[in-house]
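Here are a few short exercises to work through with the model open beside you. Try each one before reading its solution.

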Amino acid sequence: MQSYGGAAIPMRQAISKTEEAVLERLTYLTGGPVTVAGMDALPARPPFDGEVLEFLNDLSRALLSVRWEEPDVGTFAFWIRKASTQRMKARFSREDGALRLGRGTAFHIAPSNVAVNYAYSLAAGLLTGNANIVRLPTKHFQQAERINEKINAVLENYPGLQPYICLVRYSRDREINDLLSRLADTRVVWGGDATIAELRKSPLAPRAGEITFADRCSLAVIDSGWYLEQTDRSRIAQDFYNDTFLTDQNACTSPQIVVWMGERQEEAKDAFWRELHQMVEGRYALQPVQGIDKLVRSCLLAAGQEGIRVQPRPDNLIYRVEVPALTRGLLDCTGNSGYFLEYGCGDILELRELCNDVRCQTVAYIGEKEMLIPLLNSGVKGVDRVVPVGRTMDFDLIWDGYDLYERLTRVIQIIGEK
């Protein structure tokens, strides 16, 4: 028997002695084996529970009280502040007479290449009323260490929430995956195709749900005339830099293909890439292996397709490869670390084949969003988000086409007499 916040909560009896030993193999950053074992007995909370909103707001204040070098920490802190979560509550709350609660225990598997993703996934689980086991990458990111430090400090003031949060690390381990998947009411897999395939070897309970975020690619569409009319091009360069270089284009939201529209494309290209290069040159450290990888990628692309042209460049910081057409297979040829495929477009519907690939996730735009409407109305099967450049990393409870509010809650229908 455990006691949390004055309430006695029995241990989950379904965990065997052998499984208790499995839990001891995890590295616990928040919580411990007892936390995991007790989650099945926890009451599900309603979405946007008041104590959760207060906790997240206090965590936001703690994070914003420190000047971080990493802007993604500040962005996360702003997302969980009370003003933001109250807006989410207003958006997602339903006045239909039904009762909504979290589904129970959510088992989150964060990607290995985006430092702060795990924190957003945890926050989404809390906001929707769930207890959360979150597996962090084994790679140690400074951002994660700092966020975890603040989570643990703030959590001391919320004993009632402590049993709802368990942050762990472990190397690939089928036994651990099997156990945590069995305990989950929802499994949230962010790691891409290979991680999804590996986790699906571990069965879920019959009524458990799964949300998977597969490998995706994103692109930017730039109206050349609109861009050249802008006076604050350094701000646009900063926004594009944040979308791409901050994560080395490893985030699924980071544009890897740049499509130019309008009649002043060459003039706009020269101005845009020159402005971006000045910013990258002063901030980004390119490793030799990254430069070699860009060269290899462009050579392989040229060997398999005619009309490929590597654009002139002063160095390897920004590597632009012009392609003659936007084919579906182009998503297999993208890269990172400042590697961009580039295409001059005459009609927005030329993007249809590319965007009909379900791997196509975000379209970031510089210009007016209306230029993309004919493409979206054509019925493409890809594209889940259309956002201005600079906002591709902005997290939301609707992500990759999933409504996380709906997927992480359950509905109790309450019907009165006729």
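**Exercise 1.** Which residue in β8 is the bridge partner of Ala106?

Some ground rules: this is a predicted model, where local features need pLDDT of at least 70 and side-chain atom pairs count only at pLDDT 80 or more, while totals for chains, interfaces and linings use all residues. Residues are numbered from 1 along each chain as its sequence is written, and side-chain values use heavy atoms, leaving out hydrogens and water.

Step 1: find β8, residues 186–189 (strands are DSSP E runs of at least two residues, numbered from the N terminus). Step 2: look there for the partner of Ala106, and you land on Thr186. Step 3: zoom out, and four bridges join β5 to β8, running parallel.

**Exercise 2.** Work out which strands stand at the edges of the sheet.

Step 1: write down the order, β3-β7-β6-β5-β8-β9, an open sheet of six strands with mixed pairing (a pair needs at least two DSSP bridges). Step 2: β3 (27–30) and β9 (209–212) each have a single partner strand, so one side of each lacks a neighbour in the sheet.

**Exercise 3.** Is Thr105 buried or exposed?

Step 1: locate Thr105 in β5, residues 105–109. Step 2: its relative accessibility is 4%, so Thr105 is buried (under 20% relative accessible area; exposed is over 50%, partly exposed in between; 1.4 Å probe, protein chains only). Step 3: check who touches Thr105 (heavy atoms within 4.5 Å), skipping residues up to four places away in sequence: the contacts include Met39, Asp40, Ile133 and Leu183.
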